[in-house]
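Here is a short set of exercises to work through with the model open beside you. Try each task on your own, then compare your steps with the worked solution.

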Amino acid sequence: GEPELAVRVVRDIFNEDFSKLARELPVMSLCRFVDAPGVDAVVSDDRMALAQAVGHLWDLGHRDIVHVDGGNVSTLSARRRDAYASAMGARGLSGSVRVIEGGSTVAQGVGAAHVLAAWDPLPTAAICYNDSVAAGVARTLRQRGIRVPEEISVVGFDDGPVAADPTTDLTTVVQDMDAIASTAMELLAG
């Protein structure tokens, strides 16, 4: 007979493609919000996560906090960018919101680091779209003689393997993958 469940890992699929697929079988997206009819999504609360990241930096005395975003290709990047701006506003820092276009790769983090390093004065902290971008930022700033975290704190997002790399030494926002998987299973069991 027909399989009851099929799992496919995809990265470069767009909302329209999800919609087409959802007309044929149940579709669920994990860790990526999908705005498509018939598609369930189980994602982290980016608004809360970025509020915690800004709050953590605030508690450490940071007021000049920049966001290195994920570029303009995904709704997730826009959601995290908006969440950063909202978190800054909640701390009375709306006038200090600054965004550098980043991306999702270490190489794009390297590019963002070169932009950051040229700023005078240097911001005291950077919250990055993901850990790969944060790794590129932190490593490049160190190569340019800028001390991380002494001169600028760098925060990643996802708690991926690169965050545990001792040469990167990142603070990161943790996505609770166990909770995401558990919620997905509950929805599937329905």
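**Exercise 1. Find what share of the residues is buried, and describe the overall build of the protein.**

Solution. Start with burial in this predicted model: of the 190 residues, 40% count as buried, where buried means under 20% relative accessible area. Next, look at the surface: about 10600 Å² is exposed, and carbon and sulfur atoms supply 52% of that area. Then list the elements. The protein has seven helices and seven strands, and their order along the sequence is α-β-β-α-β-α-β-α-β-α-β-α-β-α. Finally, turn to the contacts with a separation of 6 or more: residues 24 or more positions apart account for 63% of them.

**Exercise 2. Check the radius of gyration against the value for a compact globule.**

Solution. Take the chain length first: for 190 residues, a compact globule would have a radius of gyration near 16 Å. Now compare: the protein has 18 Å, which agrees. For the outline, measure along the principal axes, where the C-alpha atoms fill a box of roughly 65 × 35 × 25 Å. You can add the charges to this picture: the mean positions of the 16 positive and 26 negative charges are 6 Å apart.

**Exercise 3. Test the length of helix α2, then work out what its buried residues pack against.**

Solution. Helix α2 covers residues 46-59, which is 14 residues. At 1.5 Å a residue, the helix should span 20 Å, and its end C-alpha atoms are 19 Å apart, so the two values agree. Next, pick out the buried positions: D46, A49, L50, A53, V54, G55 and L57. A helix rule helps in reading such a list: with 3.6 residues a turn, residues three or four places apart point the same way. Last, follow the buried residues of α2 to their partners, which are helix α3 (75-90) and the strands β3 (65-68), β5 (125-128), β6 (153-158) and β7 (171-174).

**Exercise 4. Decide whether S77 and A78 are buried or partly exposed.**

Solution. Locate them first: S77 is found in helix α3, and A78 is in helix α3 too. Then read the accessibilities. S77 counts as buried because its relative accessibility is 0%, whereas A78, with a relative accessible area of 25%, is partly exposed. To see the surroundings of S77, leave aside neighbours within four places in sequence; the contacts are then D69, G70, G71 and Y129. Y129 also gives a distance for A78: the two are 51 residues apart in sequence and 10.0 Å apart in space, C-alpha to C-alpha.

**Exercise 5. Look for unusual backbone geometry, using peptide bonds and phi angles.**

Solution. Begin with the expectation: most residues other than glycine have a negative phi, and most peptide bonds are trans. Now check the prolines P121 and P149. The bond from D120 to P121 is cis, with omega near 5 degrees, and P121 sits in the loop between α4 (106-118) and β5. The bond joining V148 and P149 is also cis, with omega about 10 degrees; P149 lies in the loop between α5 (131-143) and β6.

Then turn to phi. D158 has a positive phi, near 120 degrees; this residue lies in strand β6 and is partly exposed, at 25% relative accessible area. D169 also has a positive phi, near 50 degrees. D169 is placed in the loop between α6 (161-164) and β7, and counts as exposed at 54% relative accessibility.

Note on methods
Residues numbered from 1 in each chain as written. Predicted model: local features only at pLDDT ≥ 70, side-chain atom pairs only at ≥ 80, totals over all residues. Heavy atoms only, no water. Helix = DSSP H or I, 4+ residues; strand = E, 2+ residues; numbered from the N terminus. Rg over C-alpha atoms; globule rule 2.2 N^0.38 Å. Buried < 20%, exposed > 50% of the residue type's maximum accessible area, 1.4 Å probe, protein only. Contact = heavy atoms within 4.5 Å. Areas by Shrake-Rupley, 256 points an atom, 1.4 Å probe, with all protein chains shown as cover. Lys, Arg positive; Asp, Glu negative; His and termini not counted. Charge placed at Lys NZ, Arg CZ, Asp CG, Glu CD. Expected span 1.5 Å × (residues − 1).
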